[in-house]
Each structure stands twice: as structure tokens, then as C-alpha cells.
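Reader: Could you give me a close look at the salt bridges here, and at the parts of the fold around them? Keep it chatty, but go slowly enough that I can follow along in the viewer.

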Amino acid sequence: MCHEATSVGLPASIGVGKGTVTLDDFALCDALFSFGHNPGTNHPRMLSTLREVSKRGVPIVAVNPLRERGLERFTSPQHPAEMLTNTATPIAQTYYQVRIGGDLALLKGMMKWLLDADATDLAAGGQGVLDHAFIAGHTEGLDALREDLARTTWDEIVEHSGLSRDDIADAARLYAKAERVILCYGMGMTQHRRGTQNVQQMANLMLLRGNIGKPGAGIAPIRGHSNVQGDRTVGITEKPTQALVDAIKRTYGFEFPLTHGHDAVEAVRAIRDGRSRALVCMGGNLAVAMPDPDTTIPAMRNLDLAVHIATKLNRSHLIPAKQAFLLPCLGRTERDVQASGLQSVTVEDSMSMVHASQGGLTPASEHLLSEPAIVAGIAKATLPQTRVDWDGLVGDYDRIRDDIEAVLPIFRDFNRRVREPGGFRLYIGASERDWGPGRKARFLVAPGLDEDPGIDRRELLTLTTIRSHDQYNTTIYGLDDRYRGISGRRDVVFLNREDMRSRGLEQGDRIEVASRMHGEGAATRTVSGFIAVEYDLPRGSAAMYYPEGNRLVPLDSHDPQSGTPAYKSIPVVVRKLCDPDPHAG
């Protein structure tokens, strides 16, 4: 639900659904663009990297509707002088508060400026602004992109982005001056109904100046979980390829259908419609994380079987199916001792680095099983004629890694390399300007300027969901959001001052928020009793916390290419609630 737009969008552009940079590249870049993410809350470890980039005097450009503290300045806990003197390192030198849903227009405006500047420079006898040698040798499709941008007017770009033409030109000019640019982005770019195309337009921008496949440059989708990228790498996918089917047959002696399965949204639809009768959740908080809880929760109650494998209790565990099991398991920080001794698992980060992770804490209970042991136990009970040596795999996780290597050659020499200090980086073809057999990187066109078709910006506000500082995904550790000045509550909606005035609202008013989707499943969703909070964000934009805002998103409001829910662009109507007259009746 987070970066599937990346996993779908980037392979069509650059041949791989991952970022192309390493941590070493951040020490070499001479400009960094940050689109649609808040590292202070969602990726705090990245703040140290951004701090070092800023200390080198490298311009950091933030593109985000809300001004986030972590993108403005950072006090490093690893540097006592900053902690003792209460000083901070500035992060973003330039901050563009794009309208929610305006990123596509900004990207197109920057590319339009680059093409115009390139033509002007070439006509004057210069070498141009684009990397023409790279484009000629490594890409295809520029003519179609050029035609699309020529049809797109500056008036339209300004209207949709919420930024001035001068601001967009300044951003493009800074990008053009830098020889090595890194572009980072998060869910503010992916969780739209055209999130896949957002990702591809960012790739287009990078390709125009050859900023993929050279030191100090590249595209960097920043994922929140430590291993969400690794799941895909080892073949956990609802869309198996023929190569994966063949490799599993070669390794284990059986094959499975090539028929595609369900992504998260389609899984809930299948449960709702009775096409899926059993659900097994490896961690997660599915009912709360998904959109449209009024559909999702009743659907889960109708299941014949629900199995939750988890380290902590959450609200999804309270939804009873006809038969339900809650299986507590070891956490990754706990010691995992199997037949061959203490075990390590492996994780892959956003930079495609794979390293071992071994728990050091005493387990909460001697009876806890590991996730591999639980999966193996279910498999043995379900498949008595299995050809897989489940006990052998659980007894020594090196054997699991041997099998991963056998199925996926990208993991050659897996067990040896993962024992090297710091682990190893997987081969990422685009980092080497290897775009796949017989192909080039592709410029791809996104028609129009609407990241989220059907939103009437004249009448509606566009609302995005956000996380508080005391929150990790759906886990809420406290009711404070100190970076945004909120204490002791989450029932708030952040609004622009002028939008509040035009609706007769004042700070602290109780309000109702109703979504106004179009198309299939477009019935109005409403939340009431929230508090209006004035905040620095663009006119026409609003924000509320996730998952409280999920109730406003229909299950069918998602990117059709990736299935990613459109949490970052919800068309809403906001109105004041009038408290009942205490003297009435």
C-alpha cells in the first residue's frame, strides 16, 4: 500500500522497481530534491544523511504541502554540541509548498522549462541544458514527452501546482546547474490515483540530465519498513513471472499457476464479495491500515478463517471470523534459537543493501515460535505429502538462504556475502546504466496534470492523510505531535487560514468532513466532531491523521496500475458543526 507505485512504475521507466542510489552517493551529490515525504516522522535515520548533505553546502529542495520540521532543521543526538546548545542544522534551503495533488504539474513545469532552456541554448551555439549524449545512447521516447509538454500551457501548470511560474523556473534552474542530483520521494507521491505516473515523471526528470547511473546521482524511493523492499525481491508477489514459476519448479519439483493473485485492495474486495474465505496476516494491522473501514471490517467478520501472526496486539485482532487464531511470534530483536543454534534473518533497505539481523533480547516467553517455524508448521499440517523439508529449513536459516539463491540468482553466494561487515548490495541494473536485455530507459507520458482525476478544486478541498510524531504506521504511541504543536489529541483537521475564513471557521471549531469521490463506489463518507486547526499549507489543501482519515477513502479510490489507495488526495467538503442549544426542548 506504500510503494507499489514504485514497484510498478520504475520497471517500465528504468528496468528495475527500486532506487538507484547508495549512501555513498549522498556524499557526492551537488543537489538533492525531496518530494512528498517527512523524514522527521517517517524515516528519522535519514535526517543524519540529510544533515551531512546540508553541512557540505549542497542545496536541498523540499517539495511538500506542509512545512515539516524535519525538512527545515535537525538537531542531531549524535552531536553533543547541538544538543547542549539547542542549535540545529538547516536542512532544506528552498521549500516549495505545492498544492496537494500538484506534484505532477510541478514536474511537468520543470521539464518544460528544461526543454525550452535547452532549445534556447542550442540556438545560441551552446551545448544545451539536457544530457544529449546520455539521451541518445540510453533512452527512448523523448519525442512523445516533448510533444506532451508542448501542449501543456504555463497557465495550467501554475493553476494545478499552486506555485508561481517563477518558483517552478527557479527549481528547474537549480536542477539544471547541478551535475549530480539525487531525488528522494515518499508516499506523498505514490498514494494518488495516478501514483504510478507520478513516479514515472520523476524518472523522466532525472533522465533528461543523465542523473541515473552515475556516482552522486539517482532516484531514491524512501520506504518506511526495514524489509518491505526485500519481500518483493525474494518473490513475495501476487503477480508471479514465468521465470519465478520455472525457478521454483526447478528447485522444489512442483509448479503453481501463473494466474495473478490479489493486492491489498483486491484482497478486501474478494473477502467482501465472498470469493476469499480465509485470511492469513503476517504482522500488520490490515483492517485499520486499509481504506473504507465500513466495508473492510464487516467483510473480515464474514471470513471462515482468520489467522494473525504478530508480535503485538492491534485492533485487527479484535475482528472475529467464524474461526480465528492469534499466533504470537518472536520479534526480530529477540534471540531466535533453532536446532543449529542462534539464527539470523536478513533485511533489505531502500538502498538495496542486504544485511543480517540477529536478535539479542531474551524472548518474552519460552513458548514463542519464530515466523519461519509457524509458517513451516502450517505448511506441514496443510500439505502432508509436501516435498519441502520444512523442519530442515527451520532448523538452519542458512538453508533458507541457500534456497533463495537457488530460485533467485541475484542472491549468488548469499550466505557468504551476508556475513561480510555491513552485508552487500544487490545488483541494480539501472545503477550501472543496464536497462535490461535489449532495451533502454524510457521517457513515459502522463497525459494531463491531474494526479487525482475528478477533483473540482473550485468547490472542494483536497485532503491528505499524515502521521504524527508519536506514531509508526498504525501504531500510535502517544497523542502528541510536537513538531506540529498538537498535544493530547488526534481529532484535528489542519486547514489553510483563508480556507477557514471563507467557510466561516475559526481555530478550535468542531467540524464535519465529507468526502466527495466520483465514479464507482462514490458514496459520501463522513467524519464528525473533529477540531479545525489553522496550519501553514496551501490554499485548497487540508490534512488529518492516518488512520483516522481512512474512513473518507472508498475502497475503490486507488491507482489502477498499482492498486495503491489514494490516501494523499481526498476531495472533501468541510463545514462547521453547530452545538445543540442547551435550552432547546
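Author: Let's fix the term before we count: a salt bridge here is a side-chain nitrogen of Lys or Arg within 4 Å of a carboxyl oxygen of Asp or Glu. By that rule the count comes to 35 salt bridges. Keep in mind that this is a predicted model. Its average pLDDT is 90, and 92% of the residues score at least 70. One stretch to set aside is residues 581–585, where pLDDT stays under 50 and the model has 0 contacts beyond four places in sequence.

Go to Arg490 and Glu548 to start with. Their side chains meet in a salt bridge, 2.7 Å from N to O. Arg490 sits in the loop between strand 20 (475–476) and strand 21 (492–495), while Glu548 sits in the loop between strand 24 (541–545) and strand 25 (570–576), so this pair ties together parts that are 58 residues apart in sequence. As for how covered the two partners are, Arg490 counts as buried because its relative accessibility is 6%, under the 20% cut-off. Glu548, at 25%, counts as partly exposed.

A second set of charges is worth a click too. Glu266, Arg269, Arg272, Asp273, Arg275 and Asp556 are joined into one network by salt bridges that share partners. One of the links is Asp273 to Arg275, with the closest N and O atoms 3.5 Å apart. Both ends of that link are partly exposed: Asp273 has a relative accessible area of 43%, and Arg275 has 49%.

For another pair, look at Arg232 and Glu238, whose closest N and O atoms are 3.1 Å apart. Arg232 is partly exposed at 32%, whereas Glu238 is buried because its 12% falls under 20%.

Back to those loops around Arg490 and Glu548, since the strands next to them take us to a barrel. Strands 21, 24 and 25 are among the members of a closed barrel of 6 strands, which runs 18-24-21-23-22-25 with mixed pairing. Neighbouring strands in this sheet are turned by 45° against each other on average, ignoring direction. Strand pairing of this kind goes through backbone hydrogen bonds, either parallel or antiparallel. Strands 21 and 24 run antiparallel and are joined by 3 bridges. If you want a landmark on that seam, Leu495 has Ala542 of strand 24 as its bridge partner.

Now check the backbone in the loop that carries Glu548. Pro547 is found between strand 24 and strand 25, and the peptide bond leading to Pro547 from Tyr546 is cis, with omega near 15°. That's worth a second look, as most peptide bonds are trans, and most residues other than glycine have a negative phi.

On that second point, Asn473 has a positive phi, near 55°. Its place is the loop between strand 19 (471–472) and strand 20, and with a relative accessible area of 18% Asn473 is buried. Arg433 also has a positive phi, near 60°. You'll find Arg433 in the loop between strand 16 (424–425) and strand 17, and at 24% relative accessibility it counts as partly exposed.

Strand 17 (441–442) gives us a way over to helix 1 (residues 4–14). The buried residues of helix 1 pack against strand 17, and their other neighbours include strand 7 (181–185), helix 13 (195–208) and helix 14 (228–233). Those buried residues are Glu4, Ala5, Thr6, Gly9, Leu10, Ser13 and Ile14. The spacing is easier to read with this in mind: an α-helix has 3.6 residues a turn, so residues three or four places apart point the same way. Right after helix 1 comes Gly15, with a positive phi near 90°.

To finish, here's a strand away from the charges. Strand 2 (residues 60–63) is covered on both faces, with Ile60 and Ala62 buried on one side and Val61 and Val63 buried on the other. That split fits the general pattern, in which side chains of a regular strand alternate between the two faces of the sheet. Strand 2 pairs in the parallel sense with strand 1 (residues 31–35) over 4 bridges, and Ile60 is the bridge partner of Leu32. It also pairs in the parallel sense with strand 5 (residues 94–96) over 3 bridges, where Ala62 has Tyr95 as its bridge partner.

Conventions. Residues are numbered from 1 along each chain as its sequence is written. This is a predicted model: local features need pLDDT of at least 70, side-chain atom pairs count only at pLDDT 80 or more; totals for chains, interfaces and linings use all residues. Side-chain values use heavy atoms; hydrogens and water are left out. pLDDT is the predictor's confidence in each residue, from 0 to 100. Contact means heavy atoms within 4.5 Å. Buried means under 20% relative accessible area, exposed over 50%, partly exposed in between (1.4 Å probe, protein chains only). Helices (H or I, at least four residues) and strands (E, at least two) are DSSP runs, numbered from the N terminus. Two strands pair if DSSP finds at least two bridges between them. Axes are lines fitted to C-alpha atoms, for helices over the stretch in contact, and angles run from 0 to 180 degrees between N-to-C directions.
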